[in-house]
Structure formats: C-alpha cells, structure tokens
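Subject: Structure for your review

Dear colleague,

I am passing on the structure that we discussed, and I would be glad if you could look through it before we talk again. My notes on what was found follow below.

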Amino acid sequence: MRYLAILLFTVFFASSVFASHCPTLVHKIDEQLKTVQLDSATETRIKELRDQGESLHKQGKHGESVKVLNNAIDELDAAM
C-alpha cells in the first residue's frame, strides 16, 4: 500500500512539474521567433508545433505538450 501511495504521489508531482513547464516553453518559442529570421516554411512549421503544444497543455496532456514544444525549440535552434 505504501508503494502505491508513493507511486501516486510521484505521478501527481510529475504532472504538476510538466504543467508549469509548458507555458515557459511557449514563451521561449515566442521570444525566439521575434528575434530570428526564418524562411516562411520553417516559421510556419515552428508556429504549428507551438500551437499544438499549447493546445495539448490546455487539454491537460502536459507530457505530450513538453515533447512537442521541445521539438519546436530544436527546430528553431537548428535554423539559427
């Protein structure tokens, strides 16, 4: 029973951490988009990933949101 309680606490805590991390990543993408020059296809792709990540965050799918937003950041970094 104790292990179940620890597992549930860990899962709940991990969800909270991801939940607060998503808006930070969205803000980071927005700030980088203001300062970098990209071709239109790359910029569109990054904005789509950003919007998808924000949508997943609003749906409560924080783990998926973080993955998508990190992909957008990786593409931004590669394009710089």
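Read along the sequence, the chain runs α-α-α, with 3 helices and 0 strands making up its secondary structure; please bear in mind that this is a predicted model. Of its 80 residues, 28% count as buried, and the accessible surface comes to about 5,600 Å², of which 59% belongs to carbon and sulfur atoms. Among contacts between residues at least 6 apart in sequence, 63% join residues at least 24 apart.

Most of my notes concern helix α2. At 1.5 Å a residue, the 19 residues of α2, residues 40-58, should span 27 Å, and the C-alpha atoms at its ends are indeed 27 Å apart, so the expected and computed values agree. Its buried residues are Thr42, Ile46, Leu49, Arg50, Gly53 and Leu56, and because these cover an arc of only 125° around the axis, they lie on the same side of α2. The general background is that an α-helix has 3.6 residues a turn, so residues three or four places apart point the same way. The face of α2 turned away from the buried side carries the exposed residues Ser40, Ala41 and Lys58, and the helix is followed by Gly60, whose phi is positive, near 85°.

Turning to charged pairs, the structure holds 6 salt bridges. Where does Arg50, which appears in the buried list of α2, find its partners? The side chain of Arg50 meets that of Glu54 in a salt bridge at 2.8 Å, N to O, and that of Asp51 in another at 3.1 Å. Arg50 and Glu54 both lie in α2, 4 residues apart, or about one turn of the helix. Arg50 counts as buried, because its relative accessibility of 13% is under the 20% cut-off, whereas Glu54 is partly exposed at 26% and Asp51 is partly exposed at 43%. Together with Asp30, these three residues are linked in a network of salt bridges.

A further salt bridge joins Glu75 and Arg45, with the closest N and O atoms 3.5 Å apart. This pair links distant parts of the chain, since Glu75 belongs to helix α3 (residues 62-79) and Arg45 to helix α2, 30 residues apart. Both partners are partly exposed, Glu75 with a relative accessible area of 27% and Arg45 with one of 40%.

With best regards

Key: Residues are numbered from 1 along each chain as its sequence is written. This is a predicted model: local features need pLDDT of at least 70, side-chain atom pairs count only at pLDDT 80 or more; totals for chains, interfaces and linings use all residues. Side-chain values use heavy atoms; hydrogens and water are left out. Helices (H or I, at least four residues) and strands (E, at least two) are DSSP runs, numbered from the N terminus. The expected span of a helix is 1.5 Å times one less than its number of residues. Buried means under 20% relative accessible area, exposed over 50%, partly exposed in between (1.4 Å probe, protein chains only). The arc is that of the directions from the helix axis to the C-beta atoms. Contact means heavy atoms within 4.5 Å. Accessible areas come from the Shrake-Rupley method with a 1.4 Å probe; for residues, only the protein chains shown count as cover. A salt bridge is a side-chain nitrogen of Lys or Arg within 4 Å of a carboxyl oxygen of Asp or Glu.
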